[in-house]
Amino acid sequence: MNYGLAQRPPRFASPRREFIGTMSKPLPSTGQSAPAKQPFRDIPGSFRPARWMAWLALALGIGISLLGWRANLESSQRLADGRFEARTNEVHTAIEARLTAYTQILRSAQAYIGVTGHPRQSDWARLLNTLDIVHNYPGITGVIYLRPFNHTERQRIESEVRRDEPEFAIRPSGERDFYIALTAVEPRTPTTLMAIGSDSWTHPVRRETLAAARDSGLSRITPKLALVIDDPAKPLPAFLMYQAVYRNGTQPTTVEDRRAALLGYVGAAFRIDALMNDSEGKPPGDIALRVHDGFDEKNEAFHATHADFDFGKTTLQRTRTLSVGGHTWIINYAALPAFEDEVANQAASWRLLSGGLLVSLLLFTIVWSLATTHARAESMARRMTRSLRESETTLRALFEQAPIGIALIDHHGRIIDCNEQSAAHVGSTRDAIIGFSMLDDARDQSLREPLLRAIAGEAVTIEAAYAPTFGMRNSIYNWRFQPVEIDEERSFVLCFVEDISERKTAEARIEHLAHHDTLTGLANRSLLKDRLQQAIAVAARSRTQLALMFLDLDFFKHVNDTIGHSAGDAMLIEVAQRLRHCVRESDTLARIGGDEFVVLLTNIRDVQDSARVAETIIAAIAEPITLDTHVINTSASLGIAIWPDDGANEETLTSNADVAMYHAKSSGRNNYQFFTADMNLRAQEAAAMERSLRDALTHAQFRLDYQTQVDGETGTIIGAEALIRWQHPELGLLLPGKFIHIAEERGLIDRIGDWVLNTACMQAQAWHNAGHPRLQMAVNISPRQFRKGKLQESVTRALATSGLPPKFLALEITESVVMEDVDAATSMLGELRNLGVQIEIDDFGTGHSSLAYLKLLPIHRLKIDRSFVRDIPGDADDTAIVEAIIKLAGSLQLEIIAEGVETEEQRQFLLSKGCRAMQGYHFSRPVPAAEFETQLGAAPKA
């Protein structure tokens with residue numbers, strides 16, 4: 001507390017603490033010494049023994065009652081303990097016997113496989129059906145066989161397994177050095193078949209257990225885990241047991257020999273709840289079990305038959321251990337209320353105890369009532385005296401130890417008393433400031449007026465900086481002056497003071513964070529809105545103009561996806577720094593989210609001022625940015641709106657600048673555009689088109705037309721390309737060029753693309769069923785749909801729903817999309833190819849393919865773009881390009897198809913160069929499904 005006191009000696013040589021200080025003084029003397037304690041001296045002797053007799057009678061009665069109750073209770077408890085011990089032995093023995101039986105199943109299968117070799121599914125079913133595991137061994141979800149192999153053996157083993165399991169595929173996908181794949185399972189149910197193909201070696205817990213089983217030659221189990229067949233959101237408690245199988249059915253003696261002789265693994269999946277159930281498949285009704293895995297460092301329960309039961313509610317508990325598969329299970333048993341009710345025989349004990357206690361209390365009450373009240377009166381007087389002294393001590397302690405400064409000031413403004421916290425604020429000692437006048441002696445007189453108001457009887461609270469008299473502190477304080485009245489007279493002012501400098505600093509920091517972007521330090525959307533409103537008001541008064549620029553980095557997402565988000569953050573910080581050098585101090589820079597920035601230019605003379613700033617910004621951002629070892633070239637698209645021409649208020653101006661920015665992007669990026677009314681009209685049209693697209697999805701306004709793909713030599717129809725059409729209720733039939741780009745921009749392309757895939761696959765399967773089993777369906781994939789990474793899920797779902805074999809679906813991916821990120825595209829195309837579908841590069845020749853990359857892409861066919869076919873054979877350049885593409889496809893062993901064939905001369909030329917697959921108006925325009933089916937019937941058969 002900085003009181004601002006002048007440095008001079010106190011006015012009072014020995015100041016007295018007239019108020020709070022009296023709390024440490026002794027009570028006033030009456031001139032007589034206090035009498036010595038003589039408790040009960042005036043109590044008649046006949047009453048004193050009565051109190052002791054009452055307590056004695058009560059103690060004897062309670063003691064006798066407890067002894068009788070205890071003896072009866074111990075007898076009942078011994079009986080209950082014996083029955084509980086027998087019951088837990090029964091349950092524990094049953095669990096141990098089940099686990100032993102499970103181990104024997106795996107050993108039996110081990111012996112069989114060791115002699116016969118890897119089992120086929122039929123052998124596996126015959127072996128395990130004999131055991132009837134579903135009925136004889138509760139708890140087993142399935143018995144499995146796992147086959148180890150390395151990458152060089154993968155293709156051969158996949159072929160072998162697919163003789164029994166045509167859909168067999170190793171999961172998770174991808175190439176690895178070593179696999180342990182599940183190849184057989186019994187019983188075969190829709191649930192257990194989901195596990196076929198899963199690679200257990202990729203799972204850390206399974207891998208550790210498999211290695212232990214291989215090296216030891218014994219059965220080994222996993223800790224608690226979720227099975228592959230379970231819903232990941234709701235896994236059921238389970239574990240796996242593995243038994244290694246060695247070649248020739250013999251177990252080598254050393255670890256090295258066992259590893260070398262490993263043939264495979266027999267395994268079983270167990271539900272822990274079924275394992276713990278009784279013979280009727282239900283949890284025991286009288287005993288609660290809680291199982292812990294001895295190797296679980298978190299000591300979490302492996303399984304509990306009665307999860308809500310509190311083991312602390314019963315004294316009948318036992319803990320048993322069970323060694324199984326290299327693990328030690330700790331099983332806690334506790335009696336449920338049903339068990340305790342069976343052995344309860346305590347009614348007589350409680351009746352005996354209740355009766356004895358009742359008699360004892362009656363006797364105590366009678367004897368106690370004879371005692372006098374004098375002792376109680378004397379005890380009350382002593383308690384009151386002690387309470388007063390404790391209160392005085394407590395008040396003084398609170399005053400001295402309070403975390404804030406407290407001072408007592410008389411009606412002349414002098415400090416009567418204060419605590420050490422007050423002195424610490426000033427930087428002095430308590431004795432040095434007692435006696436100073438805050439009205440006359442303080443160097444800083446800013447508290448004079450509030451203190452005078454408090455002396456007059458008003459409670460005053462202020463927050464202010466204060467210059468201290470002692471020391472060099474200069475902080476912000478919270479002051480509260482509270483007048484205190486004693487006997488209806490104002491006696492003194494109680495002053496509370498707290499240094500709030502740190503709080504004010506924190507508030508200022510929070511205020512800054514609330515209005516600034518945490519990454520770049522620029523203004524955020526909230527502060528920008530406030531600044532823009534103020535700038536418009538100032539511009540209106542001064543009759544000047546202002547410009548609002550919306551800036552968006554081009555292809556910023558590519559940086560995040562390829563280098564990482566930390567690099568993207570570093571790039572945003574560098575862009576913000578460059579923007580600061582492009583504007584004045586009076587202008588406002590803001591980041592409103594992602595890679596979007598806003599520049600507010602105030603007091604501009606004409607639109608050319610904003611154009612010059614825009615050019616400076618675009619040039620600054622175009623400079624290469626070095627991030628660690630990466631050099632990034634980026635650009636920006638910038639939209640400009642001028643006040644008041646492009647909007648009279650903050651909301652309109654902001655919206656129009658945003659529209660201009662999107663126009664800059666659609667105009668080729670790396671440029672700036674001023675807002676025009678025509679842009680707003682196009683933006684409104686796009687918004688209306690978006691709303692109509694959403695309605696089209698809901699009201700089934702889309703349809704697919706199909707264009708034939710033919711063998712140019714025989715005229716046989718070899719495939720169809722699905723082409724979307726929109727039957728707009730007002731605009732009529734719309735082709736994709738009118739609406740696909742809007743669907744991509746507004747995030748609707750995924751839903752439309754899924755509809756196209758599903759519809760095309762179902763139509764292709766319908767034509768297969770109608771007698772055209774070799775017809776292939778080609779579907780165009782949107783660039784945005786391909787980049788988002790969920791295409792594999794959509795294709796898998798469409799094939800599963802339609803039943804179409806994957807090899808009859810061809811996905812057409814544009815060349816430019818593939819070349820945006822070759823590594824990512826190669827990975828995604830590889831996953832699609834693994835599904836069995838055909839991959840086709842559409843519009844080939846229009847992009848910038850590298851032959852080094854092209855030969856690595858997992859594709860099946862190239863599609864020559866119609867722009868090259870249109871002028872052949874008359875145009876020498878197009879002729880050369882088409883010949884080169886056909887030769888390139890042949891050298892890479894890829895199929896080739898030409899689109900846009902419209903004349904007989906083009907057909908003859910393509911055939912002469914080795915391209916037989918063709919598509920174009922020369923054969924057929926895109927037609928509805930019914931008309932296409934008619935063409936199928938009329939075309940030559942293969």
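## A walk through the chain, starting at a loop

Gln-893 sits in the loop that runs between helix H29 (876-891) and strand S29 (895-899). Keep in mind as you look at this residue that the whole model is predicted. Gln-893 is not a glycine, and yet its phi is positive, at about 60°. Is Gln-893 buried or exposed? Its relative accessibility is 75%, so Gln-893 counts as exposed.

Now move back along the chain to Ala-700, which tells a similar kind of story. Here phi is near 55°, again a positive value in a residue other than glycine. Ala-700 belongs to the loop between helix H20 (677-698) and strand S22 (702-711). With a relative accessibility of 66%, Ala-700 counts as exposed, because the cut-off for that label is over 50%.

Let's step back for the wider view. The protein chain has 942 residues, and 45% of them count as buried. You can pick out 31 helices and 30 strands along the protein chain. What about contacts between residues that are far from each other in sequence? If you take the contacts in the protein chain with a separation of 6 or more, 65% of them are between residues 24 or more positions apart. As for the outside, the protein chain exposes about 48,900 Å², with carbon and sulfur atoms supplying 53% of that area.

Next, have a look at the second largest pocket, which holds about 1,400 Å³ of space. It is lined by 33 residues, and the closest to its centre are Arg-162, Phe-168, Ala-169, Asn-834 and Leu-835. Which helices help to build this lining? Helix H4 (154-162), helix H24 (791-802) and helix H26 (822-834) each supply at least two residues of the lining. The largest share comes from H24, with 5 residues. By type, the lining of this pocket divides into 13 nonpolar, 11 polar and 9 charged residues.

Helix H4 also leads us to a proline worth finding. Pro-172 is in the loop between H4 and strand S2 (178-186), and the peptide bond that joins Arg-171 to Pro-172 is cis, with omega at about -5°. There is another cis peptide bond between Trp-643 and Pro-644, where omega is about 10°. Pro-644 lies in a loop as well, between strand S20 (636-643) and helix H19 (650-666).

Now for helix H13, which covers residues 448-455 and has Pro-450, Leu-451, Ala-454 and Ile-455 as its buried residues. Why do these buried residues end up on the same side of H13? Around the axis they cover an arc of only 140°, which puts them on the same side of the helix. Just after H13 comes Gly-457, with a positive phi of about 115°.

Our last stop is Leu-236, in the loop between strand S3 (220-221) and strand S4 (238-246). Its relative accessibility is 44%, so Leu-236 counts as partly exposed. Which residues does Leu-236 touch, not counting residues up to four places away in sequence? They are Leu-225, Asp-230 and Arg-271. You can also check Leu-236 against Ala-226: the two are 10 residues apart in sequence, and in space they are 6.4 Å apart, C-alpha to C-alpha.

Notes:
Residues numbered from 1 in each chain as written. Predicted model: local features only at pLDDT ≥ 70, side-chain atom pairs only at ≥ 80, totals over all residues. Heavy atoms only, no water. Buried < 20%, exposed > 50% of the residue type's maximum accessible area, 1.4 Å probe, protein only. Helix = DSSP H or I, 4+ residues; strand = E, 2+ residues; numbered from the N terminus. Arc of directions from axis to C-beta. 1 Å grid on protein atoms, 1.4 Å probe; cavity = no way out; pocket = protein on both sides within 12 Å on 5 of 7 lines; lining within 4 Å. Points joined across faces, edges and corners; volume = space filled by probe spheres on them. Nonpolar A, V, L, I, M, F, W, Y, C, P; charged D, E, K, R; others polar. Contact = heavy atoms within 4.5 Å. Areas by Shrake-Rupley, 256 points an atom, 1.4 Å probe, with all protein chains shown as cover.
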